[in-house]
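Biologist: Could you walk me through this model, one question at a time? I would like to see how each answer is reached.

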Amino acid sequence: FIPADPTSDSASSRNMLRLSVTDSGVGMTDEQMSYISTRVRSEQWNTRTSASTIGLGLPLSYQLVKMLGGSMDIRSEPGRGSTVTVHLPYEPVEDGDMLSVPEFPSDEIRLSALVVEDNLFNQMVTRTMLQKLGCNVTVVENGLEAVRAVQDVCYDVVVMDVNMPVMDGITATRSIVDTYLPHEKPWIIGLSANTSQQDREMALAAGMNDFVCKPARAEYLQDAVSRYFRHRNQHCRRSQ
């Protein structure tokens with residue numbers, strides 16, 4: 001049962017959509033519910049923990065709701081089920097209004113993209129956004145895996161998180177740059193929550209071609225991929 005009720009948040013003058021899901025399942029303990037708001041890293045999620053019974057769906061949904069500027073309320077009791085309520089802000093659309101959809105080049109061959117990200121939620125979101133842009137997407141969890149991956153496959157685009165365990169994105173980018181000739185290396189888009197000019201300059205100096213702040217919004221990633229298309233088309237014209 002999923003009611004969706006448009007409401008108005010009088011405190012902030014925002015329109016809010018309320019969605020509520022109720023089940024009569026096994027419910028959750030307070031300890032299990034505490035894991036829902038935890039930042040999900042693939043190497044930290046142990047399916048043998050007591051929190052494993054909640055799976056990944058709720059933690060990922062919680063982070064997605066936060067990313068969209070909403071909130072999630074969870075009420076649960078072991079043995080009696082759960083109720084999850086989500087509030088999401090939205091903007092009304094008048095009849096006849098059209099949403100603008102940027103046009104992308106129509107290529108017979110889809111772009112191949114490598115996502116380098118240790119956070120499961122960010123992996124899912126970035127993969128989905130790139131797939132909607134027409135990319136075939138592969139995901140790895142750290143910079144070392146990325147360096148190995150580009151040795152086996154010639155990716156068009158690499159979306160590289162800057163801060164990761166094992167090998168960070170800056171080190172991985174330098175290694176990839178050393179592996180390829182300048183005109184052959186993939187287009188590397190850096191992702192980072194650190195968005196100072198110094199961070200941006202360090203990423204570009206390491207060999208990244210672009211830099212997008214986290215959490216990555218679809219339009220920013222789309223702009224970065226558009227810049228790759230422009231670069232590729234310019235290179236093709238010079239080669240003719």
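Modeller: Here are a few questions and answers about this predicted model.

Biologist: How many helices and strands are there in the protein?

Modeller: Let's begin with the overall picture. The protein has 240 residues, and 38% of them count as buried. As for its elements, the protein contains 7 helices and 9 strands.

Biologist: Is the pair of Trp 187 and Tyr 228 stacked, tilted or edge-to-face?

Modeller: A pair of aromatic rings is described by the distance of the centres and the angle of the planes. Here the ring centres of Trp 187 and Tyr 228 lie 6.0 Å apart, with 55° between the planes. Stacked needs under 30 degrees and edge-to-face needs over 60. The angle of 55° fits neither, so the pair is tilted.

Biologist: How many residues apart are Trp 187 and Tyr 228 along the chain?

Modeller: Trp 187 belongs to strand β8 (residues 187–192), while Tyr 228 belongs to helix α7 (residues 218–239). The pair therefore links distant parts of the chain. The separation is 41 residues.

Biologist: Which residues do ring pairs link into a cluster?

Modeller: The structure holds 2 aromatic pairs. One of them joins Trp 187 and Tyr 228. Tyr 228 also forms a tilted pair with Phe 229, at 5.9 Å centre to centre and 50° between the planes. Ring pairs thus link a cluster made of Trp 187, Tyr 228 and Phe 229.

Biologist: Is Phe 229 buried or exposed?

Modeller: The cut-off to remember is that buried means under 20% relative accessible area. Tyr 228, at 7%, falls under it, and Trp 187 is buried too. Phe 229 has 6% relative accessibility, so it counts as buried.

Biologist: Which element supplies the largest share of the lining of the largest pocket?

Modeller: The largest pocket holds about 580 Å³ of space, and 19 residues line it. At least two lining residues come from each of α2 (57–67), β4 (81–90), α3 (120–132) and α7. The largest share, 5 residues, comes from α3.

Biologist: How many residues of that lining are nonpolar?

Modeller: Nearest the pocket centre lie Met 67, Leu 68, Met 129, Arg 217 and Ala 218. Across the lining, 3 residues are polar and 3 are charged. The nonpolar residues number 13.

Biologist: Which ring does the charged end of Arg 217 sit over?

Modeller: We have just met Arg 217 among the residues nearest the centre of the largest pocket. Its charged end lies 6.0 Å from the centre of a ring. That ring belongs to Tyr 220.

Methods: Residues are numbered from 1 along each chain as its sequence is written. This is a predicted model: local features need pLDDT of at least 70, side-chain atom pairs count only at pLDDT 80 or more; totals for chains, interfaces and linings use all residues. Side-chain values use heavy atoms; hydrogens and water are left out. Rings of Phe, Tyr and Trp (its six-membered ring) pair if their centres lie within 6.5 Å; planes under 30 degrees apart count as stacked, over 60 as edge-to-face and the rest as tilted. Helices (H or I, at least four residues) and strands (E, at least two) are DSSP runs, numbered from the N terminus. Buried means under 20% relative accessible area, exposed over 50%, partly exposed in between (1.4 Å probe, protein chains only). A charge sits over a ring if NZ of Lys or CZ of Arg is within 6 Å of the ring centre and within 35 degrees of the ring normal. On a 1 Å grid over the protein atoms alone, a cavity is a set of points where a 1.4 Å probe fits but cannot get out, and a pocket is an open set with protein on both sides within 12 Å along at least five of seven lines; lining residues have an atom within 4 Å of a point. Grid points are joined across faces, edges and corners, and a volume is the space filled by probe spheres set on the points. Ala, Val, Leu, Ile, Met, Phe, Trp, Tyr, Cys and Pro count as nonpolar, Asp, Glu, Lys and Arg as charged, and the others, Gly among them, as polar.
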